[in-house]
Amino acid sequence: MPVRVRTAHQHTAMFVVEADAAQRMIDYSGLQVCRFGRGNRRALVVLMLMRYEDTDLGQYYEYGTNVMVNPPGTSPFQASGLKALQSAGAFVHHLPVDQSFTLEAGRTIWGYPKVLADFTVRNGRQFGFDVTIDGQHAVSMEFSPGLPIPATFSGRRQVHSTYSHLDGVTRETAGEMVLSGVRYRPGGVALRLGEHPYAAELSALGLPKRALVSSSAANVDMTFADAQEIV
């Protein structure tokens, strides 16, 4: 430890959803969604695809459904509003992958809810992908190209926490990342849901809908530390 990712490509889309619906989805974790907006009724959900190329865990595709949550122990006065989003972490609710080694490592080391899936990826003027689990279509996304962001604004090292819950244990994993070749676009993604239970959970959040923003990174350099159990 830490596990190193030297080369990876990233596509993400951020959606504003009803905070109560997001909380119901992740109640099992014991964590609280980060609320904002009028009456603190909104929350952020990030859907993403990673293509890992040069890593300590090999090459693989990974899809994630992430809900922005408050750090454990946050006081009620710090737990809501736009300012709270600055310290929010990502709770990993879905995490299908296409390789068995990273599945076992992810579940054993960090408690990530990894499951095996099949990925179909389309590279062209638009980037798109489909995720199928146990023969059932879960989610598809199509990304329109974004506008390049200068490295001065996007290339700073970021320190972040991700949270997971598996087998009754909630964990926090600290990580660092540096993005390069970053592009952003308001909206910019078409989301399609399938018949897998994951799709039903996303539908309960009010998806598909217009994304707040979508982004891509030509490369992500990151490290993951060991997970810490949250009491």
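Two residues count as touching when they have heavy atoms within 4.5 Å of each other. I keep this meaning throughout the entries below, and I note at the start that the model is predicted.

**Entry: Tyr63 and the cores**

I began with Tyr63. Leaving aside residues up to four places away in sequence, I find that Tyr63 touches Leu47, Met48, Leu49, His94, Leu95, Pro96, Phe119, Phe129, Val131, Val139 and Leu202. Apart from the largest nonpolar core lies another core, of 23 residues, and I noted Val5, Met48, Leu57 and Tyr60 among them.

I then looked up the largest nonpolar core itself. Which of its 37 residues touch the most other members? They are Phe15, Leu47, Tyr63, Met141 and Leu205. I listed the elements that each supply at least two residues of this core: S1, H1, S2, S3, S7, S8, strand S12 (189–193) and H4. H1 gives the largest share of this core, five residues.

**Entry: the cavity**

I searched for enclosed space next. How many cavities of 30 Å³ or more does the structure hold? I found one. The largest cavity contains about 40 Å³ of space.

I wrote down the lining of the largest cavity: Tyr63, Thr65, His94, Pro96, Val131, Ile133, Ala138, Val139, Tyr198, Ala199 and Leu202. Tyr63 is thus on two of my lists, as a lining residue of the largest cavity and as a member of the largest nonpolar core. His94, Pro96, Val131, Val139 and Leu202 line the largest cavity, and they are also among the residues that Tyr63 touches.

By element, at least two lining residues each come from strand S3 (60–69), strand S4 (89–97), strand S7 (127–133), strand S8 (136–143) and helix H4 (197–204). H4 provides the largest share of this lining, three residues. By type, I count nine nonpolar residues, two polar and no charged in the lining of the largest cavity.

**Entry: the second largest pocket**

I turned to open space. The volume of the second largest pocket is about 320 Å³. Its lining has 21 residues, and those nearest the centre are His11, Phe127, Pro145, Arg183 and Ser216.

Which element gives the most to this lining? S13 does, with five residues. Strand S1 (3–18), strand S11 (169–186) and strand S13 (213–229) each contribute at least two residues to the lining of the second largest pocket. I sorted this lining by type and got six nonpolar, 11 polar and four charged residues.

**Entry: Gln10**

I looked up Gln10, which is in strand S1. Is Gln10 buried or exposed? Gln10 counts as buried because its relative accessibility is 9%, and the cut-off for buried is under 20%. Residues up to four places away in sequence aside, Gln10 touches Met48, Leu49, Met50, Leu179, Ser215, Ser216, Ala217 and Val220. Ser216 in that list is one of the residues nearest the centre of the second largest pocket.

**Entry: Glu62**

I found Glu62 in strand S3. Glu62 also counts as buried, since its relative accessibility is 9%. What polar contacts does the Glu62 side chain make? One is with the side chain of Tyr52, at 3.1 Å. Another, of 3.4 Å, joins the side chains of Glu62 and Lys114.

Apart from residues up to four places away in sequence, Glu62 touches Met48, Leu49, Met50, Tyr52, Leu95, Pro96, Val97, Lys114 and Phe119. I noted that Met48, Leu49 and Met50 are among the residues touched by Gln10 and among those touched by Glu62.

**Entry: backbone exceptions**

I checked the backbone last. Most residues other than glycine have a negative phi, and most peptide bonds are trans.

Where did I find a cis peptide bond? The bond from Leu207 to Pro208 is cis, with omega near 0°. Pro208 is in the loop between H4 and S13.

Asn40 is not a glycine, yet I read a positive phi of about 50° for Asn40. Asn40 lies in the loop between helix H1 (19–26) and strand S2 (42–55). With 26% relative accessibility, Asn40 counts as partly exposed.

Asp134 also has a positive phi of about 50°, and Asp134 is not a glycine. I located Asp134 in the loop between S7 and S8. Asp134 counts as exposed because its relative accessibility is 73%, and the cut-off for exposed is over 50%.

Conventions
Residues are numbered from 1 along each chain as its sequence is written. This is a predicted model: local features need pLDDT of at least 70, side-chain atom pairs count only at pLDDT 80 or more; totals for chains, interfaces and linings use all residues. Side-chain values use heavy atoms; hydrogens and water are left out. On a 1 Å grid over the protein atoms alone, a cavity is a set of points where a 1.4 Å probe fits but cannot get out, and a pocket is an open set with protein on both sides within 12 Å along at least five of seven lines; lining residues have an atom within 4 Å of a point. Grid points are joined across faces, edges and corners, and a volume is the space filled by probe spheres set on the points. Helices (H or I, at least four residues) and strands (E, at least two) are DSSP runs, numbered from the N terminus. Ala, Val, Leu, Ile, Met, Phe, Trp, Tyr, Cys and Pro count as nonpolar, Asp, Glu, Lys and Arg as charged, and the others, Gly among them, as polar. Buried means under 20% relative accessible area, exposed over 50%, partly exposed in between (1.4 Å probe, protein chains only). A polar contact is a pair of N or O atoms within 3.5 Å; within protein, one must be able to donate a hydrogen and the other to accept it, and residues adjacent in sequence count only if both atoms are side-chain atoms. A nonpolar core is a set of buried Ala, Val, Leu, Ile, Met, Phe, Trp, Tyr and Cys residues joined through side-chain atoms within 4.5 Å.
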